[in-house]
Amino acid sequence: MRLPPICVPCGRRMTIEKNSALVLLLDGDRQPYQIWSTDRWRCGGCDHAVCRSASVPIAERYERGFEALLNSGEAMLMVES
Ligand SMILES: [Zn+2]
């Protein structure tokens, strides 16, 4: 069991707001590169949120199914490299 994320300014444990929240990582040319499944945590004190992922992405652009997942309409947080 892992310690949940801690909000440093508040000194509080964060709680899970959403499991399996998707994050789209863009490459240096701002093109879709990897899709990660993350858990989104939120601090009940200051409302700060963080995403924590597994150690590997669920899809990379050279893999089958990447385009289908990218175009699935699921909400994704876009993150630049
Ligand atoms: Zn906080």
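# A predicted chain of strands and one helix

Read along the sequence, the elements of this protein chain come in the order β-β-β-β-β-β-α-β, and the model that shows them is a predicted one.

Trainee: How many helices and how many strands does the protein chain have?

Mentor: The order β-β-β-β-β-β-α-β can be read off element by element along the sequence. Taken as totals, the elements of the protein chain are one helix and seven strands.

Trainee: Since the model is predicted, in which element is the confidence lowest?

Mentor: The average pLDDT of the protein chain is 95, and 100% of the residues score at least 70. Within that picture, strand β1 (residues 6-7) has the highest confidence, at 98, while the lowest, at a mean of 94, belongs to strand β7 (residues 76-79).

Trainee: In which sense do β3 and β4 pair, and over how many bridges?

Mentor: These two strands form a hairpin that has five residues between them. One of the bridge pairs sets L24 against I35 in β4. The pairing of β3 and β4 is antiparallel, and the number of bridges is nine.

Trainee: Which residue in the turn of that hairpin has a positive phi?

Mentor: Most residues other than glycine have a negative phi, so a positive value deserves a second look. The residue in question is located in the loop between β3 and β4 (32-42), and it counts as exposed because 10 C-beta neighbours lie inside 10 Å. With a phi of about 60°, the residue in the turn is R30.

Trainee: S20 also has a positive phi; is S20 buried or exposed?

Mentor: The phi of S20 is near 55°, and this residue belongs to strand β3 (residues 15-26) rather than to a loop. A residue with 12 or fewer other C-beta atoms within 10 Å is exposed. Because S20 has 10 C-beta neighbours inside 10 Å, S20 counts as exposed.

Trainee: Which strands other than β3 pair with β4?

Mentor: Strand β5 (residues 49-53) runs antiparallel to β4 and is joined to it by five bridges, with R40 standing opposite C51 in β5. The hairpin of β4 and β5 has six residues between the strands, and D47 takes a positive phi near 75° there. A further antiparallel pairing, over two bridges, joins β4 to strand β6 (residues 59-60), where Q34 faces E60. The strands asked for are therefore β5 and β6.

Trainee: Which residues make up the largest nonpolar core?

Mentor: In soluble globular proteins, nonpolar side chains tend to be buried together. In this chain of 81 residues, 12% count as buried. The largest nonpolar core has five residues in all, and they are A21, L22, I35, W36 and A59. Of the strands, β3 and β4 each supply at least two residues of this core.

Trainee: Which residues does A21 contact, leaving aside its neighbours within four places in sequence?

Mentor: A21 is a member of the largest nonpolar core, and its contacts beyond the neighbours in sequence can be listed in full. They are T38, D39, R40 and C51.

Trainee: How far apart are the C-alpha atoms of R13 and I35?

Mentor: R13 lies in strand β2 (residues 12-13) and is partly exposed, with 13 other C-beta atoms within 10 Å. Setting aside residues up to four places away in sequence, R13 touches P4 and I6. The C-alpha trace of the whole chain spans about 40 × 25 × 20 Å along its principal axes. Between R13 and I35, 22 residues apart along the chain, the C-alpha separation is 27 Å.

Methods:
Residues numbered from 1 in each chain as written. Predicted model: local features only at pLDDT ≥ 70, side-chain atom pairs only at ≥ 80, totals over all residues. pLDDT = per-residue confidence, 0-100. Helix = DSSP H or I, 4+ residues; strand = E, 2+ residues; numbered from the N terminus. Buried ≥ 20, exposed ≤ 12 C-beta atoms within 10 Å, placed from the backbone. Contact = placed C-beta atoms within 7 Å. Core = buried A, V, L, I, M, F, W, Y, C linked by C-beta atoms within 7 Å. Pairing = 2+ DSSP bridges.
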